Amino acid sequence: MAALAFRELDPAAKVEWLIAEGGALLKGARVATIAAKARAILSAERVALNFLQHLSGIATLARAYVKAVEGTGVKILDTRKTTPGLRFLEKHAALAGGAGNHRFGLFDAVMIKENHIRASGGMKQAVERARKTADGLQIIVEARTPEEALDAAELKPDRILLDNFTPSALVTVLRRLRGGPEIEVSGGIRLANVRDFAVPGVSYISVGAITHSAPALDLSLVMDDMKAGK
């Protein structure tokens, strides 16, 4: 997107990326060089930097979470908590950082949450209704208590999402769910404590902060060569 910002104003603009997507960036290193008309560079600078800083920040935070659980076998996922209009870009940035993508929208998996259960008259009813219309899509049931987790396991969804469990409560309920659906954990998870949740039996940890709270990477654009008439 950063390169497109310049090409929108100067179709002949050339952007050479010096660091591969997802590659490590050292302080002071150049990310790219741009050859374009000065007017295009000055006009598109802020838009290009906004995209690059924001998306690089997401990739950087995703990489930090992935490294924090390295060796556990647990996969870090993003969520749908994305900026309106930027979901594709933000989820791609999470992939560049080594995380996985949770469902992209409401069309590529069925997630049964608290309000769905209430609207359907119970968890069993919600799962049964989902199975009739899911057309092969993965069914994920959110559980907020150990009792809900056990009820969900009896319904044999593809995945159970344990929401807002403490690490100790998580370990306890996993003992009772052993051999059931794959387990995802979410809620209250930060970089400082994510490894505490990466315990045996957990397949995925989903972190909304990767997309909605990633700090922008500090980048700038400096013009260092000008040709007359440009």
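A residue counts as exposed when its relative accessible area is over 50%, as buried when that area is under 20%, and as partly exposed in between. Lysine 156, with a relative accessible area of 64%, is therefore exposed, and this residue sits in the loop between α6 (146–154) and β6. The structure described here is a predicted model. Its sheet is an open one of six strands with parallel pairing, and a search of the whole structure finds eight salt bridges. The points below take the sheet, the helices, the charged pairs, the loops and the surface in turn.

**The sheet**

- The six strands of the open sheet follow the order β3-β8-β7-β6-β5-β4, and their pairing is parallel.
- At the edges of this sheet stand β3 (75–77) and β4 (110–112), each of which pairs on one side only, while the twist from one strand to the next averages 25°.
- Strand β6, made of residues 159–163, pairs with strand β7, made of residues 182–186, in the parallel sense over five bridges.
- Within this pairing, leucine 161 has glutamate 184 of β7 as its bridge partner.
- Helix α5 (residues 123–133) lies across β4 and β5 (139–143), and its direction runs at about 165° to β5.

**Helices and buried residues**

- In helix α3, which covers residues 87–96, the buried residues are Glu90, Lys91, Ala93, Ala94 and Ala96, and the buried residues of this helix pack against α2 (38–68) and α9 (209–212).
- Just after α3 comes glycine 98, which takes a positive phi of about 100°.
- Threonine 211 belongs to helix α9 and is buried, because its relative accessible area is 2%.
- Leaving aside neighbours within four places in sequence, threonine 211 is in contact with His54, Ile58, Asp78, Thr79, Lys81, Thr82 and Glu90; one of these, Glu90, is among the buried residues of α3.
- Valine 194 lies in helix α8, residues 194–197, and counts as buried because its relative accessibility is 0%.
- Apart from neighbours within four places in sequence, valine 194 is in contact with Tyr65, Ala68, Val69, Ile76, Ile189 and Ile205.
- Valine 194 and isoleucine 205 are eleven residues apart along the chain, and their C-alpha atoms are separated by 8.2 Å.

**Charged pairs**

- Side chains of opposite charge can pair when their charged atoms come close.
- A salt bridge joins the side chains of glutamate 184 and arginine 159, with 2.9 Å from N to O.
- Because glutamate 184 lies in strand β7 and arginine 159 in strand β6, this pair ties together parts that are 25 residues apart in sequence.
- Both partners of this pair are buried, since glutamate 184 has a relative accessibility of 0% and arginine 159 one of 7%.
- Salt bridges that share partners join Glu114, Arg118, Arg144 and Glu148 into one network.
- In this network, the side chains of glutamate 114 and arginine 118 meet at 2.9 Å, N to O, and these two residues are separated by about one helical turn because they are four residues apart in helix α4 (residues 114–120).
- Glutamate 114 is partly exposed, with a relative accessible area of 25%, whereas arginine 118 counts as exposed at 62% relative accessibility.
- Also in the network, arginine 144 and glutamate 148 meet through their side chains in a salt bridge of 3.2 Å, N to O, and arginine 144 counts as partly exposed because its relative accessibility is 36%.

**Loops with positive phi**

- Lysine 156, the exposed loop residue introduced at the start, has a positive phi of about 55° although it is not a glycine.
- Aspartate 135, which is not a glycine either, has a positive phi of about 50°, and this residue lies in the loop between α5 and β5.
- Aspartate 135 is exposed, since its relative accessible area is 75%.

**A nonpolar surface patch**

- Leu42, Met223 and Met226 make a nonpolar surface patch of about 300 Å².
- Of these residues, leucine 42 has its place in helix α2, and leucine 42 counts as exposed because its relative accessibility is 54%.

Note on methods: Residues are numbered from 1 along each chain as its sequence is written. This is a predicted model: local features need pLDDT of at least 70, side-chain atom pairs count only at pLDDT 80 or more; totals for chains, interfaces and linings use all residues. Side-chain values use heavy atoms; hydrogens and water are left out. Buried means under 20% relative accessible area, exposed over 50%, partly exposed in between (1.4 Å probe, protein chains only). Contact means heavy atoms within 4.5 Å. Patches are made of residues with over 30% relative accessible area and no salt bridge: like charges are joined within 9 Å, nonpolar side chains (Val, Leu, Ile, Met, Phe, Trp, Tyr) within 5 Å. Accessible areas come from the Shrake-Rupley method with a 1.4 Å probe; for residues, only the protein chains shown count as cover. A salt bridge is a side-chain nitrogen of Lys or Arg within 4 Å of a carboxyl oxygen of Asp or Glu. Two strands pair if DSSP finds at least two bridges between them. Axes are lines fitted to C-alpha atoms, for helices over the stretch in contact, and angles run from 0 to 180 degrees between N-to-C directions.
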